Amino acid sequence: MMSGTDRTLFARPLTKEAFAPFGDVIETDGAAHFAINGGTTTRFHDLAHVDVATEGGRPLISIFRGQPFAFPVEIRMMERHPLGSQAFVPLQPVPFLIVVAPDRDGQPGEPQAFLAAPGQGVNYARNVWHHPLVSLSQTSDFVVVDRGGEQPNLEEKSYLVPYSVLAEQ
């Protein structure tokens, strides 16, 4: 959320409803679940739409290790993946910052910032503008599920004037 006419954003809590235009929130709260493996395991089922098959793509699973940022976080550029979704699931129970923007004629529009609580991940829908990984407080590892294939799947654009993100007011 912006404050006035300046370029300061306040990160708000990540919710499924607020993030829906940009993709999926990956969390167990409110998720469909059932017992498997003779009742020894709970499966939280179908938490995100993995969309990687365009033009013969295949799913990739990687680990990204993000170096910590401190508030205020400067947002100078955004990226998107035109051929597939990209999911980030933290391996440690720590918050992280998500910055997304609507598309405005092939450019990222006004960004929105969300603060993921421990235990939440995100899945950016295909072609959604987002800032690269922003770990907070400590170096953090994330499982990343995205698209592999021969075609280029990354577009980057810079803002002429950067935005500054602060923790929620």
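**Exercise 1. Find the residues that touch the most other members of the largest nonpolar core, and the strands behind them.**

Step 1: get the ground rules straight. This is a predicted model, where local features need pLDDT of at least 70, side-chain atom pairs count only at pLDDT 80 or more, and totals for chains, interfaces and linings use all residues. Residues are numbered from 1 along each chain as its sequence is written, and side-chain values use heavy atoms, with hydrogens and water left out.

Step 2: pin down the term. A nonpolar core is a set of buried Ala, Val, Leu, Ile, Met, Phe, Trp, Tyr and Cys residues joined through side-chain atoms within 4.5 Å; buried means under 20% relative accessible area, with a 1.4 Å probe and protein chains only.

Step 3: read off the members. The largest core has 16 residues, and Leu14, Phe19, Phe88, Ile98, Val100, Val122 and Tyr124 touch the most other members. Strands E10 (96–101), E13 (112–116), E14 (121–124) and E17 (140–148) each give two or more residues to this core. E10 gives the most, with three. Strands here are DSSP runs of E, at least two residues long, numbered from the N terminus.

Step 4: look for a second core. Apart from the largest one lies another, of 15 residues, including Val73 and Tyr159.

**Exercise 2. Work out which strands stand at the edges of the open five-stranded sheet.**

Step 1: write down the order. It runs E3-E14-E9-E17-E6, with antiparallel pairing; two strands pair if DSSP finds at least two bridges between them.

Step 2: check the ends. Strand E3 (23–26) and strand E6 (58–66) each have a single partner strand, so one side of each is left without a neighbour in the sheet.

Step 3: zoom in on one pair. Strand E9 (residues 86–90) and E17 are antiparallel over four bridges, and Phe88 has Val144 in E17 as its bridge partner. Phe88 is also one of the residues with the most core neighbours from Exercise 1.

**Exercise 3. Describe the surroundings of Trp129, starting with whether Trp129 is buried or exposed.**

Step 1: locate the residue. Trp129 lies in strand E15 (residues 129–130).

Step 2: check accessibility. Trp129 counts as buried because its relative accessibility is 0%.

Step 3: list what's around. The Trp129 side chain makes a polar contact (2.9 Å) with the side chain of Asp103; that term means a pair of N or O atoms within 3.5 Å, where, within protein, one must be able to donate a hydrogen and the other to accept it, and residues adjacent in sequence count only if both atoms are side-chain atoms. Val100 is 29 residues away from Trp129 in sequence, yet their C-alpha atoms are 5.6 Å apart.

Technical notes
Buried < 20%, exposed > 50% of the residue type's maximum accessible area, 1.4 Å probe, protein only.
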